[in-house]
Amino acid sequence: MTFFRFDIGARSRTAGRLMGRVRRELLRAVTEEKQAGLTQQELARRLQSGRSNVNRQLSGEAEITLRSLADLAWALDREITFELRRPDQAAGQNIAPQTSTIGHKPIRIIAPKSPEE
Amino acid sequence: MFFLKTMIVQPMPTITDLVNNGAIVKIDVELAPHDQPLRLLYGTPQFIAWLQEILDGAGPARLLGQPSPAEQIDDLFHSFLSGEHLVFTRQFRAVRAEENAVWELKTPDVRIFGWFMAKDCFVAVFGNWTDIIKDHDLYRGYRIAIRRLRRELDIDATLCVRGVAPDDVLSV
């Protein structure tokens with residue numbers, strides 16, 4: 001075997017990536033604010049919550065409800081953008097297995113030759 | 001009388017050699033239509049077998065995160081492969097600050113250990129549950145085993161990133 005696809009199905013993929021993305025966005029905002037001098041202690045104080053509780057939310061060990069997400073965004077001085085849209089359908093879009101440009105083997109021409117050639 | 005000694009120099013293995021001889025297997029996940037694969041991910045056959053166990057429903061005794069372990073791994077692989085910014089120490093870190101370091105990729109319930117063959121090119125060797133690793137302090141054992149594997153594959157000097165700063169191993 002030279003190739004393994006970790007495929008969990010579209011439904012699980014959608015759920016896992018949404019929750020992961022929310023957590024990453026929060027971590028990114030916290031990291032930015034930390035560089036500007038905000039401590040986790042101060043963040044917890046703003047939220048009137050325990051530091052360990054905030055830490056567990058950021059580490060993914062505690063559930064983040066919509067309310068706590070909004071509270072964290074407020075405490076970090078961030079706006080939330082949220083959108084549901086239909087999947088992209090654009091000409092030339094990436095379909096990973098067919099169009100990967102980082103394969104370790106030489107480029108293979110897969111387009112059929114035109115009759116003129 | 002002269003004896004001519006010829007020394008046969010074995011070329012250092014390349015990534016292609018490692019894939020072709022079965023030492024590592026390329027891993028991917030479904031990418032969204034607008035995603036581009038910007039990084040490379042490989043795993044040893046042992047790691048692939050562990051991934052298969054996850055797909056078959058294996059999980060820790062106590063789940064820490066809200067998503068399932070498989071969902072956490074899919075999200076981690078997706079963000080890695082699509083070139084997203086990973087948060088240093090929260091999502092990846094060097095196990096120990098040393099030359100040819102062993103690195104850890106992290107989710108709430110899962111820890112994955114391996115090394116970077118090149119910038120943006122990770123080989124996963126061991127995966128395990130976070131609480132088991134912490135309870136049994138498996139960091140040192142995994143680190144030593146991964147260093148031994150690299151020596152056995154004869155790639156310690158060629159296919160291993162030396163730095164331990166985040167931008168030594170990830171470009172985005």
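This short talk covers a sheet shared between chains A and B, and then chain B itself.

Bear in mind that this is a predicted model.

Start with the sheet. It is open and has seven strands. The order is E1(A)-E1(B)-E2(B)-E6(B)-E5(B)-E4(B)-E3(B). Pairing is mixed. Now the edges. One is strand E1 of chain A, residues 3-5, and the other is strand E3 of chain B, residues 92-94. Each has a single partner strand, so one side of each has no neighbour in the sheet. From one strand to the next, the twist averages 35°.

Next, the place where the chains meet in the sheet. How many bridges join E1(A) to E1 of chain B? Three, and the two strands run parallel. On the chain B side, that strand spans residues 25-28. Within this pairing, Phe4(A) stands opposite Ile27(B).

Now a helix on the sheet. Helix H2 of chain B, residues 45-55, lies across strands from both chains. From chain A that is E1. From chain B they are E1, E2 (40-43) and E6 (121-129). Against E6(B), the helix runs at about 50°.

Finally, chain B as a whole. It has six helices and six strands. Read from the N terminus, the elements go α-β-β-α-α-β-β-β-β-α-α-α. Its C-alpha atoms fill a box of roughly 75 × 40 × 30 Å along the principal axes. Chain B has 172 residues, and 40% of them count as buried. Last, contacts. Take those in chain B between residues at least 6 apart in sequence: 57% join residues at least 24 apart.

Note on methods:
Residues are numbered from 1 along each chain as its sequence is written. Chains are lettered from A and ligands numbered from 1 in the order in which they are written. This is a predicted model: local features need pLDDT of at least 70, side-chain atom pairs count only at pLDDT 80 or more; totals for chains, interfaces and linings use all residues. Two strands pair if DSSP finds at least two bridges between them. Helices (H or I, at least four residues) and strands (E, at least two) are DSSP runs, numbered from the N terminus. Axes are lines fitted to C-alpha atoms, for helices over the stretch in contact, and angles run from 0 to 180 degrees between N-to-C directions. Two residues are in contact if their C-beta atoms, placed from the backbone, lie within 7 Å. A residue is buried if 20 or more other C-beta atoms lie within 10 Å of its own, exposed if 12 or fewer, and partly exposed in between; C-beta atoms are placed from the backbone.
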